[in-house]
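Visitor: I am new to this structure and should be grateful for a close look at one part of it. Could you begin with the pairing of the strands and then relate that part to its surroundings?

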Amino acid sequence: MSARISPDRSPAVAARIGIALGIAVTICFVTGLLSHWIQQPPGWFRWPANPPWLYRVTQGGHVLSGVMAIPLLLIKLWSVYPRLFARPLLGNPLHLLERGSIALLVGSMIFELATGLANIAQFYPWRFFFPAAHYAMAFVAFGALAVHLAVKLPIVRDALSRPVGEPAADQPPTTGLSRRGLLGAAVAATTVAGLAVAGQSVPWLRWIAVLAPRSGEGPQGLPVNRTAGQAGVTDTARAADYRLVVRAGTNERAFTRAELEALPQTAAILPIACVEGWSASAHWSGVRLRDLLATVGATGRHDVTVRSLEQSGLYRITQLPATHVVDDQTLIALRLNDAELSLDHGYPCRLIAPNRPGVLQTKWLSEIEVRA
């Protein structure tokens, strides 16, 4: 069997590629957990309002590490593919555990990377709910990776103890592309994959991000994920009787757009950072949320429920933690980049808070309610 396997398909190559893949998967897993907890926080979890760019970094790292894992996974599979079918196929319990962990690992990794890549492009050719499926399968992939590493640890340690160019005892010397050359090609492919999308998170790399679905450009200098037409708010957002209702207990006030503009205005430079990995900074101005809540007697630290004019949709109602409510940069924005908010960016007003996913920066506000 070994004589028919390319010398480049060696434990030395597989181990080193595997380490790089494991690092990428770990970064992707941890940052993915953070994103999930921010959107659906368990009781013990607290996400800070500052620094305002932190989510931009963590979610950009999530998407970047996932994309860079794709060429690493392909090269890893190439390097071990013939040995996956080595005899015996089943064998003793340890061998069976190894085969089972490999099947789970490969299947779950392909699922995670393929669906994640489709999500970046906002392409959903399936019927299941992507966030829930992606989140659940992440634990399968990470668990299978941990089991696989535990089973293969002696082989990995032995492979790493020898120079990459030294053949194993049962392998002939390599011909053609060397093992170092193969590892160099893996590094190059991974770097190119990263640069091809990194620009959607890193502004100064946008010129080279040829595969990034979001360039950082759009109406008023920002991309739009969901338009007013898609949300079904085109008429209600422009209605003459529009009011923003602010409520704290039995106290309630309804503000017209003109009345919001008449309140003291505050400006902030904040990024919009979306779960698909793209982000862009913008100049926002409007009413500080804490000042608006003070008009109905809400002072101190309170969580807030924010509702949109949108009548359906997973994120038409969001919860804003007290940490963000009292922050100086949390605004009910009326203007974007020195111009009135466009309809697609949330006119007549929207929430913009530091260090939050874009899906939680609610547009087309209808109600703000202090939670008891």
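**The paired strands and their surroundings**

Guide: Strand 5 (residues 304-308) and strand 6 run antiparallel and are joined by four bridges. Please bear in mind throughout that the model is predicted. Within this pairing, Arg307 has Ile317 of strand 6 standing opposite. Ile317 also helps to describe the two sides of strand 6 (residues 317-320): together with Gln319 it makes up the uncovered face, whereas Thr318 and Leu320 make up the covered one. In a regular strand, side chains point by turns to one face of the sheet and to the other.

Strand 4 (residues 279-288) offers a further view of strand pairing. Seven of its ten residues are buried, and strand 4 is thus mostly covered. Eight bridges connect strand 4 to strand 3 (residues 266-273), and these two strands run antiparallel. One of the residue pairs is Ala273 with Ser279, its bridge partner in strand 4. Strands 3 and 4 form a hairpin with five residues between them. In the turn of that hairpin, Gly277 has a positive phi of about 105°. Strand 4 is also joined to strand 7 by five bridges, again in an antiparallel arrangement. There, Trp284 stands opposite Leu336 of strand 7.

Let us turn from the strands to the nonpolar core. The largest nonpolar core has 31 residues, and those with the most contacts inside it are Leu244, Leu292, Leu293, Ile332 and Ile368. Two or more residues of this core come from each of the following elements: helix 6 (228-231), strand 1 (244-248), helix 9 (289-294), strand 5, strand 7 (331-336) and strand 10 (365-370). Strand 5, where this account began, is therefore among the contributors, as is strand 7, a partner of strand 4. Ile368 illustrates how these elements meet. Neighbours within four places in sequence being set aside, Ile368 is in contact with Leu244, Val245, Val246, Arg247, Leu289, Leu292, Leu293, Val304, Thr305 and Ile332. Another core, of 18 residues, lies apart from this one and includes Ala141, Ala144, Leu182 and Ala186. Nonpolar side chains in soluble globular proteins tend to be buried together.

Helix 2 (residues 54-80) supplies a setting for two residues, one of them His62. The relative accessible area of His62 is 14%, and this residue is buried because the limit for that term is under 20%. The side chain of His62 makes a polar contact of 3.2 Å with the side chain of Thr31. In addition, the side chain of His62 reaches the backbone nitrogen of Gly32 at 3.3 Å. Beyond four places in sequence, the residues in contact with His62 are Cys28, Thr31, Gly32 and His134.

Val67 lies in helix 2 as well, and it is buried, with a relative accessible area of 8%. Although Val67 and Cys28 are 39 residues apart in sequence, their C-alpha atoms are 9.5 Å apart in space. Residues up to four places away not being counted, Val67 touches Leu117, Ile120, Ala193 and Val197.

The aromatic rings deserve a place in this account. Twelve aromatic pairs are found in a search of the whole structure. One of them joins Trp44 and Phe45 edge-to-face, with 5.9 Å centre to centre and 90° between the planes. Trp44 is exposed, its relative accessible area being 58%, whereas Phe45, at 10%, counts as buried. The pair of Tyr124 and Phe130 is tilted, because the planes stand at 45°; the ring centres are 6.3 Å apart. Of these two, Tyr124 is partly exposed at 38% relative accessibility, and Phe130 is buried at 11%. Tyr124 and Phe130 also belong to one aromatic cluster with Phe111, Trp126 and Phe128.

Finally, the chain may be considered as a whole. The protein chain has ten helices and ten strands. Of its 372 residues, 47% are buried. Among contacts with a separation of 6 or more, 69% are between residues 24 or more positions apart. The accessible surface of the protein chain comes to about 17900 Å², and carbon and sulfur atoms account for 64% of it.

Conventions:
Residues are numbered from 1 along each chain as its sequence is written. This is a predicted model: local features need pLDDT of at least 70, side-chain atom pairs count only at pLDDT 80 or more; totals for chains, interfaces and linings use all residues. Side-chain values use heavy atoms; hydrogens and water are left out. Rings of Phe, Tyr and Trp (its six-membered ring) pair if their centres lie within 6.5 Å; planes under 30 degrees apart count as stacked, over 60 as edge-to-face and the rest as tilted. Buried means under 20% relative accessible area, exposed over 50%, partly exposed in between (1.4 Å probe, protein chains only). Contact means heavy atoms within 4.5 Å. Accessible areas come from the Shrake-Rupley method with a 1.4 Å probe; for residues, only the protein chains shown count as cover. A polar contact is a pair of N or O atoms within 3.5 Å; within protein, one must be able to donate a hydrogen and the other to accept it, and residues adjacent in sequence count only if both atoms are side-chain atoms. Two strands pair if DSSP finds at least two bridges between them. A nonpolar core is a set of buried Ala, Val, Leu, Ile, Met, Phe, Trp, Tyr and Cys residues joined through side-chain atoms within 4.5 Å.
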